[in-house]
Amino acid sequence: MQSVTEPSISDELRQRYLSASRVLVLTGAGVSAESGVPTFRGGGNSSVWKGMPFDVISSARMVERNLPAVWEWFDYRRDLLQGLSPNRAHHEIAKWQDHFSEFTLVTQNVDGLHQRAGSRDVIELHGSIWRVRCTVCHARFEIHPAQPRVEACPDCSEPVRPDVVLFGEILPAGAFERAAAAAAECELCFVIGTSALVYPAAGLPEIAHAAGAFVCEVNPERTPLSDLCDVSLMGKAGEVLTLFSRLRSETV
Ligand code: BJW
């Protein structure tokens, strides 16, 4: 039975958090909102780019029709990110990797802020804004923030595109499979800052729930997953996750 609570941690969640060995965290754009990164569906600046909804500009069709416009949109977002830093939620999640014997962080975000907060082995379901991919030979190259991005593939000179997953495109090889395996094995699953509208990512908490995991959502708003979750902590990720930090320090 799902209970929607104010952002305070129930005894059951406390006990599960302190005793869990296998934990999976799925994050979305909301985890970066407190860093100043606009969400996709939160009505923020990035929902529309020069009159185009994000699902038009961030589409495979636009890559084919107008790659320079796609680059303009991604260059703008990378420039924005360079002035931003990981927030309390990213830092708290980074600590969790050392608290649990099996910890898997799966993100839909392309911003790299989890890694900048110290998270290791992050499964990036939708790619990274800090990589490009050749449209012809598919070779991948990192973008270094201090250097201009690669314009053409160094291997074959063909155009490169952002190495992100657009609607209708398939996820990076093995990424969803790894995430789904961890979801099926976890005891405790956190779903943080995602509208849970985009599949297959939104299917991960469903897999965890079906396999018997306790599922906890952290989001200021309800989502299509709220009814499935055992607990919905309704609040901002930075504020809510700080409660878990205190919990651990209280028990030491
Ligand atoms: C806070 C907060 C704070 C605010 N603290 N929280 C099954 C059913 C139906 C459809 C499909 C299905 N399987 C596949 C599909 C098709 C499609 C899909 O899901 N469509 C639905 C939208 C209908 N999926 C795909 O196409 C995927 N590919 C695929 O499945 O390939 C196989 C296949 C191919 C062909 C045919 C069929 C199958 C690919 C999906 C790629 C998504 N790409 C994007 C863009 C990336 C590039 C870019 O960055 O521009 O990824 S879309 C966009 O949405 C981005 C995000 O990662 C993704 C999810 O958004 P997210 O993270 O949830 O953000 P928001 O903005 O939606 O929500 C923010 C949340 O934060 C809100 O809830 C706020 O309340 C909350 N919040 N402040 C905590 N402080």
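**Close-up views of the ligand site and internal spaces**

**View 1. The shell around the ligand, by residue class.** Residues of this shell fall into 18 nonpolar, eleven polar and six charged. The model is predicted. In total 35 residues surround the ligand, and those that come nearest are Arg41, Ser58, Gly168, Thr194 and Ser195. Domain 1 (2–37 + 86–126 + 173–251) and domain 2 (47–83 + 134–164) each supply at least three residues to the shell.

**View 2. Polar atoms at the ligand oxygens.** From the side chain of Arg41, a polar atom lies 2.6 Å from an oxygen atom of the ligand. Thr194 likewise places a polar side-chain atom 2.6 Å from a ligand oxygen atom. At Gly168 the polar atom belongs to the backbone, and its distance to an oxygen atom of the ligand is 2.6 Å. The ligand taken alone exposes 1500 Å², of which the protein buries 75%.

**View 3. The largest pocket with the ligand in place.** The ligand sits in this pocket. The space in the largest pocket comes to about 940 Å³. Its lining consists of 47 residues; Ala29, Thr39, Phe40, Arg41 and Ser195 are the ones nearest the pocket centre. Arg41 and Ser195 are also among the residues that come nearest to the ligand. Sorted by class, the lining holds 24 nonpolar, 16 polar and seven charged residues.

**View 4. The largest pocket and the two domains.** Where does the largest pocket lie with respect to domain 1 and domain 2? Lining residues come from both domain 1 (2–37 + 86–126 + 173–251) and domain 2 (47–83 + 134–164), so the pocket lies between them.

**View 5. The largest cavity.** Rolling a probe the size of a water molecule over the atoms shows where empty space is left. Across the whole structure, the search finds one cavity of 30 Å³ or more. The volume of the largest cavity is about 160 Å³. Thirteen residues line this cavity, with Val37, Pro38, Phe40, Arg77 and Asp111 nearest its centre. Phe40 is also listed among the residues nearest the centre of the largest pocket.

Note on methods: Residues are numbered from 1 along each chain as its sequence is written. This is a predicted model: local features need pLDDT of at least 70, side-chain atom pairs count only at pLDDT 80 or more; totals for chains, interfaces and linings use all residues. Side-chain values use heavy atoms; hydrogens and water are left out. A residue is near a molecule or strand if one of its heavy atoms lies within 4 Å of it. A polar contact is a pair of N or O atoms within 3.5 Å; within protein, one must be able to donate a hydrogen and the other to accept it, and residues adjacent in sequence count only if both atoms are side-chain atoms. Accessible areas come from the Shrake-Rupley method with a 1.4 Å probe; for residues, only the protein chains shown count as cover. On a 1 Å grid over the protein atoms alone, a cavity is a set of points where a 1.4 Å probe fits but cannot get out, and a pocket is an open set with protein on both sides within 12 Å along at least five of seven lines; lining residues have an atom within 4 Å of a point. A molecule sits in a cavity or pocket if more than half of its atoms lie within 2 Å of its grid points. Ala, Val, Leu, Ile, Met, Phe, Trp, Tyr, Cys and Pro count as nonpolar, Asp, Glu, Lys and Arg as charged, and the others, Gly among them, as polar. Domain bounds come from an automatic or database domain assignment. Grid points are joined across faces, edges and corners, and a volume is the space filled by probe spheres set on the points.
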